[in-house]
Amino acid sequence: MAAFQTPKTSPAQRVRAAHPGSGHVASAPATWVLIGENVDHFGGVTLAGTSSLRAAAAASPRDDDTIALTARGPFGDFTAKTTLAALHEDEVTDPLARRWTGLVQSLIQRQVLSRDTAGLDITVESDVPLGAGLGSLYAADAAIALALAGGHGDIDTAPFRTRLAEICSHAVATYSSLAVLRARHSVALRGGGTGVSVLDYADGSLTEAPHPARHGVRVFSLAKELGKPYDVQTKAIANRREFIDAACSNFGVESLRQLPDATNRVVQWVEARRSVGDETAPDPDVARQWVQFCETETLRSLAAAKALRSRRANELFTLLNSPSEAHDLTTPDALVALARERGAVAARPAATGTSDAVIAFVPVQAADEFAAAMAKDLQVVEITPGEVARLED
């Protein structure tokens, strides 16, 4: 194993040299989650930051109906040629080709791209390792979307960036076999700076809190291996989200966070469904567990944001180390424990359910020794603050 190293030239430089056309070039940062990765459907709060690692994309039109995709980076080399017609007919089977062709289709549907778009050359170069819990594919999504929208007059306005992030997440939810973590697109396109973004899904707001580094720590991603997406729990996450969406629809609310006494009322609703023979209704105890997890995790996220803003380091690290409410998703507990044993003041899963990596917070004075020791058995990536997605033209 080893500490992760990036190429000497930036992804933007590499993609500009590799792309066959003369279209727009954009780059977007890797993202990491501090807390709250599974509460967006509930209307909860997610804290996430950007990393200095980036992905870059170039896009230019072509005069046929072909979508030509080329990508290079820590996830390996990838090339594909397909069409929007093949996507409509469900003939695009490669996961990356389907994900990014679906993104093109979504941008057309939302009128960011012209309906007369005939074909595109899209090239991606990335320094973001796949499997480190740093949103490698999300960084590429954001860079592609920004490059394709490069000629839009509102490209740097908050409303347009919000819209672009929503389109990216919708495309992944529709066309990818992986679970979507919407905060990553939002932070890559709207966040940045030296702090951590606080996304409140109850009202869609994005504010900033100070970075944990100001408490004398360096931040690392730890993973057993790199190079593959983590898809083991995709179905479990989908079941959880479908249930929460159905509950919101039943109670006529945009999120369960808006519903008073949500846990008890949802359980009563499930029991009523089961009493009339609805075999699709989950077990009431499982339903209670899901809602209670979302409620308590949202409270932990709010408390973490408050601790960051009020400079209460001990409280922050205690919150990050405290066990979450019971849930049905597998977590890398052994790796979390190992990080703490070797000197991390806090460690938690990088993104429960969508990553098997761990984020560790290590005192500055012990960080080099910690990284060297962990790199003997694991893949280690240091996370330093990054910048928001931008055009590189």
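In this predicted model, the largest cavity has a volume of about 280 Å³, and a search of the whole structure finds one cavity of 30 Å³ or more. The lining of the largest cavity is made up of 23 residues, of which L130, Y138, P229, Y230 and T354 are the closest to its centre. When these lining residues are sorted by character, eleven are nonpolar, eight are polar and four are charged. Helix α4, which covers residues 136-148, gives the most to this lining, with three residues.

The helix α4 itself has 13 residues and spans 19 Å from its first C-alpha to its last, which is close to the 18 Å expected at 1.5 Å a residue. The same helix is mostly covered, in that 13 of its 13 residues are buried.

Besides the cavity, the model contains pockets, and the largest pocket has a volume of about 760 Å³. This pocket is lined by 36 residues, and the closest to its centre are D40, H41, S169, R182 and Y201. Two or more residues of the lining are given by each of the helices α5 (158-175), α6 (182-190) and α7 (234-251), and also by each of the strands β6 (196-200) and β7 (205-209). The largest share, seven residues, comes from α5. In character, the lining of the largest pocket divides into twelve nonpolar residues, 13 polar residues and eleven charged residues.

A further helix, α3, runs over residues 95-109, and its 15 residues reach 21 Å from the first C-alpha to the last, close to the 21 Å expected at 1.5 Å a residue. Like many details of a fold, the setting of this helix can be described through its surroundings and its two ends. Of the 15 residues of α3, 13 are buried, so that the helix counts as mostly covered. At its start, a side-chain oxygen of D94 comes to within 3.1 Å of the backbone nitrogen of L96. Just after its other end, Q111 takes a positive phi of about 65°.

Backbone angles of this kind occur at Q111 and at D261. The phi of Q111 is near 65°, a positive value in a residue other than glycine, and Q111 is found in the loop between α3 and β5 (119-126). With a relative accessible area of 59%, Q111 is exposed, because the cut-off for this class is over 50%. D261 likewise is not a glycine, although it has a positive phi of about 50°, and its place is in the loop between α7 and α8 (262-275). At 48% relative accessibility, however, D261 counts as partly exposed, because this value does not pass the 50% above which a residue is called exposed.

The cysteines were examined last, and a search of the whole structure finds zero disulfides. For C294, which is in no disulfide, the nearest cysteine sulfur is that of C248, at 9.7 Å, whereas a disulfide requires the two sulfur atoms to lie within 2.5 Å. C294 is also buried, with a relative accessible area of 0%, and C168 is buried as well, with a relative accessible area of 1%. Both values fall under the 20% that sets the limit for a buried residue.

Conventions: Residues numbered from 1 in each chain as written. Predicted model: local features only at pLDDT ≥ 70, side-chain atom pairs only at ≥ 80, totals over all residues. Heavy atoms only, no water. Buried < 20%, exposed > 50% of the residue type's maximum accessible area, 1.4 Å probe, protein only. 1 Å grid on protein atoms, 1.4 Å probe; cavity = no way out; pocket = protein on both sides within 12 Å on 5 of 7 lines; lining within 4 Å. Points joined across faces, edges and corners; volume = space filled by probe spheres on them. Helix = DSSP H or I, 4+ residues; strand = E, 2+ residues; numbered from the N terminus. Nonpolar A, V, L, I, M, F, W, Y, C, P; charged D, E, K, R; others polar. Expected span 1.5 Å × (residues − 1). Polar contact = N/O pair within 3.5 Å; in protein donor to acceptor, adjacent residues only side chain to side chain.
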